[in-house]
Amino acid sequence: MEKVMKSPIIVAVDKHNLNDALALADMLDPNLCRLKVGKELFTACGTQVVSEFHQRGFEVFLDLKFHDIPNTTAQAVLSAADMGVWMTNIHASVGLDAMRLCKQRLADAGHNTLLIAVTVLTSMTDDNLRELGIMRTAKEQVLHLANLTKEAGLDGVVCSAQEAQALKAQLGADFKLVTPGIRLSDDSSDDQQRICTPKDALVNGSDYLVIGRSITGAANPNEKLKLILSQI
Ligand code: C5P
């Protein structure tokens, strides 16, 4: 169950082993952030890392971006929810029926896990989409898949802060926008192309900010987390 938490920050724990992941978690306050477990960490550590985070009082976003036939996708979502994660995700390109089935299976099991979709990976350009036979621009395809996600009854989408304003206007206040690519003005942008400050992302309509290296690379991650919260 989602506890009452005002912080919109989800810290991306992009670590390669359990020790490094727990060392980071132990530096952070579970009242000030949630934690994201992605493919790298989950493939290395499995469910143990999720239960260790839960034991420390953190809510977890399991970012495994499931994409498979409808039954397999829905059962994977169910397995994630059975672990007690706060949020998980699938690719919207699994299609409307598969998205609906995922939502249905969560409801049948009595889970209130948030289920969001990835529309177009932010690494994809218009040219990359054309190579795949998709003639819409990335921007058009994001909007199309976000509308489909809403139609399927999912809780929201992952999107860049630049897309947030248009998506919020189109899809409404209740449709959650989860936004990576966040940096403070004096942070390095690393490999992110289109970055946004935490405050601007929230003003644009983001509900949750996924922040990795800006926090995890700081000498004192919890102090950096508090600094970001003081600016929003
Ligand atoms: O370190 P940084 O703040 O760039 O980390 C962002 C996190 O969000 C990483 O875990 C990355 O995989 C994830 N992410 C992203 N862009 C997307 C989807 C997820 O950066 N479109």
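## Around the ligand

Let's start with the company the ligand keeps: Ala12, Asp14, Lys36, Thr122, Pro180, Arg183, Gln192, Val210, Ile211, Gly212 and Arg213 surround it. Please keep in mind that this is a predicted model. Sorted by class, this shell holds 4 nonpolar, 3 polar and 4 charged residues.

## Polar contacts and burial

Which residue offers a side-chain N or O atom 2.7 Å from an oxygen atom of the ligand? That residue is Asp14. The backbone takes part as well: a polar backbone atom of Gly212 lies 2.8 Å from a ligand oxygen, and for Arg213 a backbone N or O atom is 2.7 Å from an oxygen atom of the ligand.

How much of the ligand does the protein bury? On its own the ligand would expose 470 Å², and the protein buries 81% of that.

## The pocket that holds it

If you are looking for the ligand on the screen, go to the largest pocket, where the ligand sits. This pocket encloses about 970 Å³ of space. Its lining counts 35 residues, and those nearest the centre are Lys65, Thr122, Pro180, Gly181 and Gln192. Thr122, Pro180 and Gln192 may look familiar, as they also belong to the set of residues surrounding the ligand.

Which elements each supply at least two residues of this lining? They are β3 (60-66), β8 (208-211) and α10 (213-216). The largest share comes from β3, with 3 residues. In terms of chemistry, the lining of the largest pocket is made up of 15 nonpolar, 10 polar and 10 charged residues.

## A second pocket

There is another pocket to look at while the model is open. The second largest pocket contains about 250 Å³ of space. It is lined by 14 residues, with Ala138, Lys139, Val142, Glu163 and Arg194 closest to its centre.

Two helices, α7 (138-151) and α8 (161-171), are the elements that give two or more residues to this lining. Of these, α7 provides the largest share, 5 residues. By class, the lining of the second largest pocket divides into 8 nonpolar, 2 polar and 4 charged residues.

Notes
Residues are numbered from 1 along each chain as its sequence is written. This is a predicted model: local features need pLDDT of at least 70, side-chain atom pairs count only at pLDDT 80 or more; totals for chains, interfaces and linings use all residues. Side-chain values use heavy atoms; hydrogens and water are left out. On a 1 Å grid over the protein atoms alone, a cavity is a set of points where a 1.4 Å probe fits but cannot get out, and a pocket is an open set with protein on both sides within 12 Å along at least five of seven lines; lining residues have an atom within 4 Å of a point. Grid points are joined across faces, edges and corners, and a volume is the space filled by probe spheres set on the points. Helices (H or I, at least four residues) and strands (E, at least two) are DSSP runs, numbered from the N terminus. Ala, Val, Leu, Ile, Met, Phe, Trp, Tyr, Cys and Pro count as nonpolar, Asp, Glu, Lys and Arg as charged, and the others, Gly among them, as polar. A residue is near a molecule or strand if one of its heavy atoms lies within 4 Å of it. A polar contact is a pair of N or O atoms within 3.5 Å; within protein, one must be able to donate a hydrogen and the other to accept it, and residues adjacent in sequence count only if both atoms are side-chain atoms. Accessible areas come from the Shrake-Rupley method with a 1.4 Å probe; for residues, only the protein chains shown count as cover. A molecule sits in a cavity or pocket if more than half of its atoms lie within 2 Å of its grid points.
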